[in-house]
Amino acid sequence: MGIVIAVCTSPEKGTQKTNVKEALFIEDFGIQGDAHAGKWHRQVSLLSYDRIEEFRARGAEVEDGAFGENLVVSGIDFRSLPVGTRLRCGGVVLEMTQIGKECHHGCQIFQKMGECIMPREGVFARVIRGGKIRVGDEMQVTGHE
């Protein structure tokens with residue numbers, strides 16, 4: 001089980017996301033008001049809080065949303081889960097569709113640190129069942145489809 005630490009959105013692609021504390025997740029679309037929402041396989045991005053903290057311990061000064069992640073969750077190591085894993089948070093159900101992504105080396109984090117954790121630690125999901133997710137909500141791994 002994990003705990004939601006941050007819920008982040010941004011109105012434009014390519015910009016840092018801001019922790020908005022809660023958001024509406026729309027079935028087969030993504031997060032209301034987030035630039036990455038749409039009818040595709042990367043509707044929601046997730047990062048493990050523990051991985052962000054490890055990166056911060058190496059000197060990275062990053063706020064929640066700096067990697068473009070929508071959800072920061074403690075207690076779940078997303079990269080260890082296979083594609084197809086379902087995650088439940090209240091009434092919201094997410095299905096993991098991709099692990100990692102190609103990072104453009106022009107990002108500010110890569111320029112400062114010489115690396116970025118999103119390509120190997122970030123995962124993507126689509127919204128199977130919509131609803132609200134708030135900071136402090138519990139998230140459970142419910143299985144594999």
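Trainee: Where is Glu95 found?
Mentor: In this predicted model, Glu95 belongs to strand E8, which covers residues 92-99.

Trainee: And is Glu95 buried or exposed?
Mentor: Glu95 counts as buried, because its relative accessibility is 10% and the cut-off for that label is under 20%.

Trainee: What does its side chain touch, then, in terms of polar contacts with Arg86?
Mentor: The side chain of Glu95 makes a polar contact with the side chain of Arg86, at a distance of 3.2 Å.

Trainee: Switching to rings, how many aromatic pairs are there?
Mentor: The count of aromatic pairs in the structure is 0, although rings do take part in another kind of arrangement, since the charged end of Lys13 sits over the ring of Trp40.

Trainee: How far is that charged end of Lys13 from the ring centre?
Mentor: The charged end of Lys13 lies 5.4 Å from the centre of the Trp40 ring, and there is also Arg42, whose charged end sits over the ring of Phe124 at 4.6 Å from its centre.

Trainee: Zooming out, how many helices and strands does the protein have?
Mentor: It has 3 helices and 11 strands, and read from the N terminus the order of elements is β-β-β-β-β-α-β-β-β-α-α-β-β-β.

Trainee: What share of the residues is buried?
Mentor: Of 145 residues, 46% count as buried, while the protein exposes about 7000 Å², of which carbon and sulfur atoms supply 48%.

Trainee: And which share of the contacts joins residues at least 24 apart?
Mentor: Taking contacts between residues at least 6 apart in sequence, 70% of them join residues at least 24 apart.

Technical notes
Residues numbered from 1 in each chain as written. Predicted model: local features only at pLDDT ≥ 70, side-chain atom pairs only at ≥ 80, totals over all residues. Heavy atoms only, no water. Phe/Tyr/Trp six-rings, centres within 6.5 Å; stacked < 30°, edge-to-face > 60°. Lys NZ or Arg CZ within 6 Å of the ring centre and 35° of its normal. Helix = DSSP H or I, 4+ residues; strand = E, 2+ residues; numbered from the N terminus. Buried < 20%, exposed > 50% of the residue type's maximum accessible area, 1.4 Å probe, protein only. Contact = heavy atoms within 4.5 Å. Areas by Shrake-Rupley, 256 points an atom, 1.4 Å probe, with all protein chains shown as cover. Polar contact = N/O pair within 3.5 Å; in protein donor to acceptor, adjacent residues only side chain to side chain.
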